[in-house]
Amino acid sequence: MATTAKPVRVRRRIPIRSSHHSARRSGGSSGRLGGPLSGVPWGLPALLFVGVLLVYPFFRSVYGSFFEDNGFTSSFTGLDNYARLAEDPIFGRSVLNTLFWVAGTLLLPVLAGLFIAVATHNMRFGGVWQLIIALPYVISGAATAVVWKFILTTEGAANEVLRGIGLDSWAQGWLLEWPQNTLSMIVASTWQATGLNVVLFAIGLRAIPRETVEAAQLDGATGWRMFRYITLPQLRAMTVVVVGMAIVNSLKAFDMIWVLTQGGPARSSETLALTMYRETFRLFHVGYGSAIALVLSVIVVASSWFYLRRQMPDTRPEGTR
């Protein structure tokens, strides 16, 4: 009986690229497509953009602060512009107003944003209320200032309402005296800035794990205890962002003050940003304005650095601290 031969299976070896072979191939093509410097051409436009708009103006301001410059002629004066800062009462008032803006921004928009976000988090139509409160933020600072100027002028809406309900003695010139004018502008800024804080805190609330909340509820945590021991610690990372942004924005407050009072009366409501602008572009004290700009830059960078250093966790190894 004839037997049929079984087909012989031929095993094909699948070529496997060794790590040495891969490294050799990638190394051979590094000059064309890869390598550590392959991304440099793509980053050059961004570096050029940052250099032209940020780095060069900063060092130009540092250089210009050592000169008496009126925009046409300049002469080297050394540290005279910085010595003038210590003797200038307008600069001192500007520093005080800037501190008012920092404190007011931290106490009003941040706390109001946190309270509104927590209060509307589980509320029916809470998202709609958050959207309504956030709408003023999409309006520019100048447009917001125009609205509040209509409200806060001597014959504005605020005084008319007070007179209409019989509180004539409360009607006053909200923007005509210091520190009342600064406090009024901080309230106006709060109306706009609170919306962004509500959105950010609402995002943080949605990021809290549901299991954490449910476990706390099983342990009997409700109301203030839930907020104090669960919600607030879970919002720590978002709070760092919100407070950091609030500090930087308050230090460079400009547009609302300029539209409402232009730093008046008698430059009493100026902040550092407004004083720098007036000295440089209105009075043509370019060197003195550069010194103020440098002081403002140092304050912004230093305050941001110290705040983030205290708030962010230290991830360095024990031996390098």
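How many helices and strands does the secondary structure of the protein comprise? In this predicted model, the secondary structure amounts to 14 helices and two strands. The protein has 321 residues, of which 33% count as buried. Its exposed surface is about 21,200 Å², and 66% of that area is supplied by carbon and sulfur atoms. When contacts between residues at least 6 apart in sequence are considered, 65% join residues at least 24 apart.

The largest nonpolar core contains 28 residues, and those touching the most other members are L85, F91, V110, F201, V242 and I292. Two or more residues are given to this core by each of helix 4 (89–119), helix 8 (180–206), helix 11 (236–251), helix 13 (272–282) and helix 14 (286–311). Helix 11 provides the largest share, with seven residues. A second core, of 14 residues, lies apart from the largest one and includes L152, M185, I257 and L260. Among the members of the largest core, F91 was examined individually: beyond its neighbours within four places in sequence, F91 is in contact with L85, L272, Y288, I292 and V295.

Two further positions in helix 4 were considered. S94 is found in this helix and is buried, because its relative accessible area is 0% and the cut-off for burial is under 20%. With neighbours within four places in sequence set aside, the contacts of S94 are E270, T271, L272 and T275. L272 thus appears among the contacts of both F91 and S94. T105 is likewise located in helix 4. The relative accessibility of T105 is 11%, and this residue therefore also counts as buried, given the cut-off of under 20%. Outside the four-place window in sequence, T105 is in contact with V110, A246 and S250; V110 is itself one of the core residues that touch the most other members.

In helix 11, M245 was also examined. M245 counts as partly exposed, because its relative accessibility is 34%, a value in between the limits of 20% for buried and 50% for exposed residues. Residues up to four places away in sequence being excluded, M245 touches L196 and L200. M245 and S304 are separated by 59 residues in sequence, and their C-alpha atoms lie 9.0 Å apart in space.

Two helix pairs were analysed in terms of their axes. The axes of helix 2 (residues 40–64) and helix 14 come within 8 Å and cross at roughly 125 degrees. These two helices are therefore oblique to each other, as an angle of this size lies outside the range of 65 to 115 degrees for roughly perpendicular axes and is not over 145 degrees, the limit for roughly antiparallel ones. The crossing of helix 2 past helix 14 is left-handed. At this contact, F58, S61, V62 and G64 of helix 2 meet G287, S290, L294 and S297 of helix 14.

For helix 6 (residues 141–152) and helix 8, the axes come within 10 Å and the crossing angle is roughly 130 degrees. Helix 6 and helix 8 are therefore oblique to each other as well. Helix 6 passes helix 8 in a right-handed crossing, whereas the crossing of helix 2 and helix 14 is left-handed. The residues that meet are G141, T144, W148 and L152 on helix 6 and S184, V187, A188, W191 and Q192 on helix 8. Of these, L152 is also listed among the members of the 14-residue core.

Key:
Residues are numbered from 1 along each chain as its sequence is written. This is a predicted model: local features need pLDDT of at least 70, side-chain atom pairs count only at pLDDT 80 or more; totals for chains, interfaces and linings use all residues. Side-chain values use heavy atoms; hydrogens and water are left out. Helices (H or I, at least four residues) and strands (E, at least two) are DSSP runs, numbered from the N terminus. Buried means under 20% relative accessible area, exposed over 50%, partly exposed in between (1.4 Å probe, protein chains only). Contact means heavy atoms within 4.5 Å. Accessible areas come from the Shrake-Rupley method with a 1.4 Å probe; for residues, only the protein chains shown count as cover. A nonpolar core is a set of buried Ala, Val, Leu, Ile, Met, Phe, Trp, Tyr and Cys residues joined through side-chain atoms within 4.5 Å. Axes are lines fitted to C-alpha atoms, for helices over the stretch in contact, and angles run from 0 to 180 degrees between N-to-C directions. Angles under 35 degrees count as roughly parallel, over 145 as roughly antiparallel, 65 to 115 as roughly perpendicular and the rest as oblique. A crossing is left-handed if the near helix is turned anticlockwise from the far one by less than a right angle, and right-handed if clockwise.
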